[in-house]
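Please open the structure in your viewer and keep the selection tool at hand. The stops below go from the whole chain to its interior and then to a few single residues.

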Amino acid sequence: MPEGHTLHALARDLTGAFAGTRPRVSSPQGRFADGAALLDGTVLVGARAHGKLLLVDFAGERSVHVHLGLYGTFRVARRPASEGPGDEPPVVGAVRLRLLTPDWVADLRGPMACRVVDPREVETLLARQGPDPLQPGADPELAWARVRTSSRRVAELLMDQKVLAGVGNVYRSEVLWRHRLSPHTPGRQLRARSWRAVWDDLVRLMPLGVASGRIVTVAEDVAAVEEDLAAGRVPDAGPRVSNVYRRTGEPCPRCGSTIRTAVVAGRNLYWCATCQRRR
C-alpha cells in the first residue's frame, strides 16, 4: 500500500496539472459513472492528502475521496503534442476515474475507495485520522496520547492510521531501526523522548520521499537528498535502499547480527533483535 509521501506527491502533481481547469471527468470502467457526471466540466480547485487519504476538491463543495488501498494507482501524465483537441488517450485497463484537459490526463485504477463527498463527510474522514507528519503544524502529542496508554506494540501502533497517519510498513521498520527501538515494546512502556525522536525523524524523512519519489532512510542517502534540496537541485529518484526492510537473514548494517522478520499488524516487520532493544 502506498505510504503517505506517495499521496502527498500525488496531490501536488494533480494540483499542478489540473487546478483552475474544468477537466472532462469520466469513468471508462463505469463504476464511478454517476460521480463523474456530477463533476464533469466543474472547476477543479486542487488536491490534498492526509496520511493515506487523497481528496480532489471541486467547486460547489464537492470532493472526490480516493483511497488507493493495496492495488490502486493514480497516474498523472502530460498529453503529447501530437494529440489533437478532439483526440483522447486510449484507455488501458479498468480506469475508474479519468481527468482530462487539453494538456493533461490522470487515470485512477483499482482504488479501494472512489466517491464524491461533501464537506461534512470530509470532516468525518479527517477526524478519524491521526496526525500526519507531512502536515505543517501537526501535533505529535495527539498521537502520543494514544500510544502511551496502549498495550499494543509500538510496531502495531505506527501502522494504525487512527494513531499516526501516513506511516506504512517501510517507514515503521526503518525508523524503529534508526532509533534502536524494540518493535515489540508496548506503547505504554515507550518513553516520551523515544516517541518524540520517532516523530521528529518521520518529519525529517517523509518530505524527502515526496521530493525524491522514493523512501529515503539510509544515512548516506538522507544526507545526499538533503544536500540536493538545499542546493535547489531535484533529488535523484534512484532505487530504494533500506537498512532492514526486506533484508531478512542479512547482517544488520550497524551491528552485524541477523535481521529478522515477523508478521505484525498484517505485514512483515523487519528488525535487528540485537541492537533494537531500547524502550
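## The whole protein

Buried residues make up 48% of the 279 residues in the protein, and it should be kept in mind throughout that this is a predicted model. Show the cartoon first, where 8 helices and 10 strands can be followed along the chain. If you then turn the protein along its principal axes, its C-alpha atoms fill a box of roughly 65 × 40 × 35 Å. The radius of gyration is 20 Å, which agrees with the value near 19 Å that a compact globule of 279 residues would have. Of the contacts with a separation of 6 or more, 63% are between residues 24 or more positions apart.

Switch to a surface next: about 13300 Å² is exposed, and carbon and sulfur atoms supply 49% of that area. Colouring by charge brings out 40 positive and 29 negative charges, whose mean positions lie 9 Å apart.

## Into the cores

In soluble globular proteins, nonpolar side chains tend to be buried together. Select Leu158, Leu164, Trp195 and Leu202, which have the most contacts inside the largest nonpolar core, a set of 41 residues. Among the elements that give two or more residues to this core are the helices α4 (140–147), α6 (169–178) and α8 (219–230), together with the strands β9 (259–264) and β10 (267–272). The largest share, 8 residues, comes from α7.

Now centre the view on Leu158 and ask which residues it touches, not counting those up to four places away in sequence. They are Leu164, Val167, Arg172, Val175, Leu176, Trp195 and Val198. A second, separate core has 25 residues, and selecting Leu10, Phe18, Phe32 and Ala47 will take you to some of them.

## Three residues in loops

Go next to the loop between α6 and α7, where Ser182 is found. Is Ser182 buried or exposed? Its relative accessibility is 16%, so Ser182 counts as buried, the cut-off being under 20%. Leaving aside neighbours within four places in sequence, Ser182 is in contact with Val154, Gln276, Arg277 and Arg278.

Arg180 is also found in the loop between α6 and α7, and its phi is near 55 degrees, a positive value in a residue other than glycine. With 32% relative accessibility, Arg180 counts as partly exposed.

For the last stop, select Arg246 in the loop between α8 and β9. Arg246 has a positive phi of about 55 degrees although it is not a glycine, and at 61% relative accessibility it counts as exposed.

Notes:
Residues are numbered from 1 along each chain as its sequence is written. This is a predicted model: local features need pLDDT of at least 70, side-chain atom pairs count only at pLDDT 80 or more; totals for chains, interfaces and linings use all residues. Side-chain values use heavy atoms; hydrogens and water are left out. A nonpolar core is a set of buried Ala, Val, Leu, Ile, Met, Phe, Trp, Tyr and Cys residues joined through side-chain atoms within 4.5 Å. Buried means under 20% relative accessible area, exposed over 50%, partly exposed in between (1.4 Å probe, protein chains only). Helices (H or I, at least four residues) and strands (E, at least two) are DSSP runs, numbered from the N terminus. Contact means heavy atoms within 4.5 Å. The radius of gyration is taken over C-alpha atoms; the globule rule is 2.2 Å times the number of residues to the power 0.38. Accessible areas come from the Shrake-Rupley method with a 1.4 Å probe; for residues, only the protein chains shown count as cover. Lys and Arg count as positive and Asp and Glu as negative; His and the chain ends are not counted. The place of a charge is taken as NZ of Lys, CZ of Arg, CG of Asp or CD of Glu.
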